[in-house]
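Student: Let us go through the labels given to this structure and ask what each one rests on.
Tutor: Agreed; the definition comes before the residues.

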Amino acid sequence: MSSFKRDKKEEEEGGSNPFTNLEKTSVLQETRMFNETPVNARKCTHILTKILYLINQGEQLGSREATECFFAMTKLFQSKDVIMRRMVYLGIKELSPIAEDVIIVTSSLTKDMTGKEDLYRAPAIRALCSITDNTMLQAVERYMKQCIVDRNAPVSSGALVSALHLASTAGDVVKRWANEAQEALNSDNIMVQYHGLGLLYHIRKADRLAVTKLVNKLTKQNLKSPYAVCFLIRIACKIIEEEDAAGNSNAESPLFDFVESCLRNKSEMVVYEAAHAFVNLKRTNPRELSTAVSILQLFCGSSKATLRFAAVRTMNKVAMLHPPAVNVCNLDLEGLIADSNRSVATLAITTLLKTGAESSVERLMKQIATFVAEISDEFKVVVVQAIRALCSKFPRKHGVMMNFLSGMLREEGGLEYKTSIVDTIILIIEENPEAKESGLSHLCEFIEDCEHTSLAVRILHLLGKEGPYSKLPSRYIRFIYNRVILENATVRAAAVAAIAQFGASCPDLLPNVLVLLNRCQMDSDDEVRDRATYYYTILCKSNPELNKSYITENGMVSLPLLEKSLKEHLNGPLTEKFDISIVPKSQTVQPEVTDEVMIMNNAVPKIPRITREEANTEKLLQIPGIHRLGALHKSSPPVQLTESETEYTVSCIKHCFGHHVVFQFDCVNTLSDQLLENVRVDLVLPDGFVTRAVIPCPKLPYGEKEATYVIVEFPPDLPNSIAAFGATLRFIVKDCDPTTGLPDSDEGYDDEYMLEDIEITVADQIQKVKKQNFNAAWDSADTEEWVEAEDTFVLSTVSSLQEAVNTILKFLGLAPANLSEKVADGAHTHQLLCSGTFRGDVEVMVRAKLAVSDGVTMHLTVRSTDSDVAELITSAVG
């Protein structure tokens, strides 16, 4: 033990890492010391520590390096030093997956496992099981059974946990140890009992009846281990959920009574587990939920930080589904805002923000203001996310929250923290028209002293889109032009583009904008000069159509697909001009917002999200001649055409182009003794549709997903484009060997399989396009170029305004604007605003005025650049 002593001087020098600059090569050379006689235990232990450190830091050892190191390590078995021997066991466990011929140490490990030295036995069992395969396990099976029931608790636990790991590779052998695991379950040691239950459940989990019997038996016993009781609660809850899902739920379930009885257990761990289970069970009624919440409320006042954290985190989950149930705990949660543990304090705040009433928002913001200054950026981001949810919940309190967020923007902070605040302010501006003026003002102040280029560019883009439609557009031009004078080239270029938006949308500001753009043509950066010249030239024409096409509504194509298409064009014969219309437009992809607020880990990089169309285009480009159809307009979500349990499963994705639809049929063969060839789908076409191509799947082996395509041209009459297709899967069947997948003979027979009908709807032909300024766009569409159609309908199938809104959006496939997809509580009238693009780049805007009477009455107004499209939408709703 002397090797682990530290001098007082070393302790005073601080916690520097002695292994910081280790090199793999030099450490592996040091392993030569393992061959020396006598063995220097202290030095060898230090070398083993270095090896384990390198492996755990992710250093990759080659097979030869690991084997040499492993065999050198085996020489250390001749030493009796306890610490070094246990380090050798750890080294064997880490190197066994990489090194070769590791079974050479089996006899040494078996000797230690069955020896009298208890310090060796448990780690020797773990090391032995890491190098044992299915064939060798039977040789040590007798010893393993003895160790599972051993009186020494660490030995018994080591054997049980090792058996649990072996169950994944040698399940049949481990199943024979059920009697020993049952005996371990009766142990007085809490860990042995816990591990025994874990192994016994793993052995029996495939047999539902056996698991139910085990749980029913154990619920009547008094298990001493709180860990085992917690695990038992989880098993019981899983059985309860399975019964509920199967429709076999019993109102007076003994398992449910067991979980309820655990709320009165003397162990805090068990009580929390039971309360957590009640919160997550779907069958829990309000009375039982309030009991669980009251226990969590008690834990909020615990002296243990772990209990406080667990209680608040669980309350946070409850607040998402049952906010009223947590309201009784608000005083306790407010007390936790000042908790010394910042994780607890952050979760308390986010829970309060979910459960708080509209009247308490201002008081909450004052409380949070003092707390936010003391926490790190990652905790601040969590608070901002909770405020974002609150903004959507209480839009009338936007002023209070906007002022609070602007104060946070002025504080010191990193890019991610500032980005989350800017995202929240932008979301409020987009969803709440009343908040636009104050939100833009706060963002203008922020970019005056913004050190993050990416954020400045985003805000300038927003000012260019929203500023021209504000009450006083000229006030924002000063802030934007300041960026041209003071910032780097990237920000200056974004500022020039924003200024041009004002010139295109505000005729009274055009002379001033032209003066500013003229000055920008003298900029030192090429990009800034080019943009200024480009916009200056267009604006000088004073042509609204040019302004609309090239400044205010210039559609952005998908850059990854544009790059791919250009490369393919350059590698081709170059006999034709490049057609940019074949590249799909890029749509804004909404980030996934998870309700559960967790402490974030910044080490995980965020994967950029792409649209469904961008994901599918690359696959569709493999179809010969697909570029002739133009750009992909919309891809629908997959629709199942068969039951999931059938021998062949087929799903369909509809890819809509300007004048064609491509049906993609993803097929899976679930029969291991069949190989399918020439797989295709025959469609029964409605009037007007014409099949242009069928691309079969040459082979469909067992278990693999392959696609077959059918290209169909839309009928010239738009009303006929909404139709249903009959579908039959046709293929050649060849019997094959299930193990190899090779056909028994070259001969096969034709077969077919009926599929569900496929429908083409209005939503399949409309791509969602969200209007940033819907009211301004609606007013500007009151011209001769736009056609208006309106009608009144009674929606007899819906009973509420919110249900009516959801149905309309789903049926038409349009994007809602101005937060109109949410209906206020208790409202009797509502106005839904939505927009999109019909195939062929036909713009569509819809305004639906809804009112509740004996059902829901809707007055629908459609504005479109094509009269046939406007009529199609109104007639489809009818």
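Tutor: A nonpolar core is a set of buried Ala, Val, Leu, Ile, Met, Phe, Trp, Tyr and Cys residues joined through side-chain atoms within 4.5 Å. The model here is predicted.

Student: Which residues touch the most other members of the largest nonpolar core?
Tutor: They are Ile92 and Ile233, in a core of 193 residues. Helix α29 (residues 489-505) supplies the largest share of this core, 11 residues. Apart from it lies another core, of 31 residues, including Ile766 and Leu809.

Student: What is Ile92 in contact with, leaving aside its neighbours within four places in sequence?
Tutor: Contact requires heavy atoms within 4.5 Å. Among the partners of Ile92 are Phe70, Met73, Phe77, Leu109 and Ile131.

Student: Why does Cys129 not form a disulfide?
Tutor: A disulfide needs two cysteine sulfur atoms within 2.5 Å. The closest cysteine sulfur to that of Cys129 is in Cys147, 8.9 Å away, so the distance is too far for a bond. For Cys834 the closest is in Cys656, at 18 Å, again too far. The count by this rule is 0 disulfides.

Student: Why is Cys834 called buried?
Tutor: Buried means under 20% relative accessible area. Cys834 has 0% relative accessibility, so Cys834 counts as buried. Cys129, at 11%, also counts as buried.

Student: What makes Ser542 exposed?
Tutor: The cut-off for exposed is over 50%. Ser542 has 52% relative accessibility and therefore counts as exposed. Ser542 lies in the loop between α31 (526-540) and α32 (544-552), and has a positive phi of about 55 degrees although it is not a glycine.

Definitions and conventions: Residues are numbered from 1 along each chain as its sequence is written. This is a predicted model: local features need pLDDT of at least 70, side-chain atom pairs count only at pLDDT 80 or more; totals for chains, interfaces and linings use all residues. Side-chain values use heavy atoms; hydrogens and water are left out. Buried means under 20% relative accessible area, exposed over 50%, partly exposed in between (1.4 Å probe, protein chains only). Helices (H or I, at least four residues) and strands (E, at least two) are DSSP runs, numbered from the N terminus.
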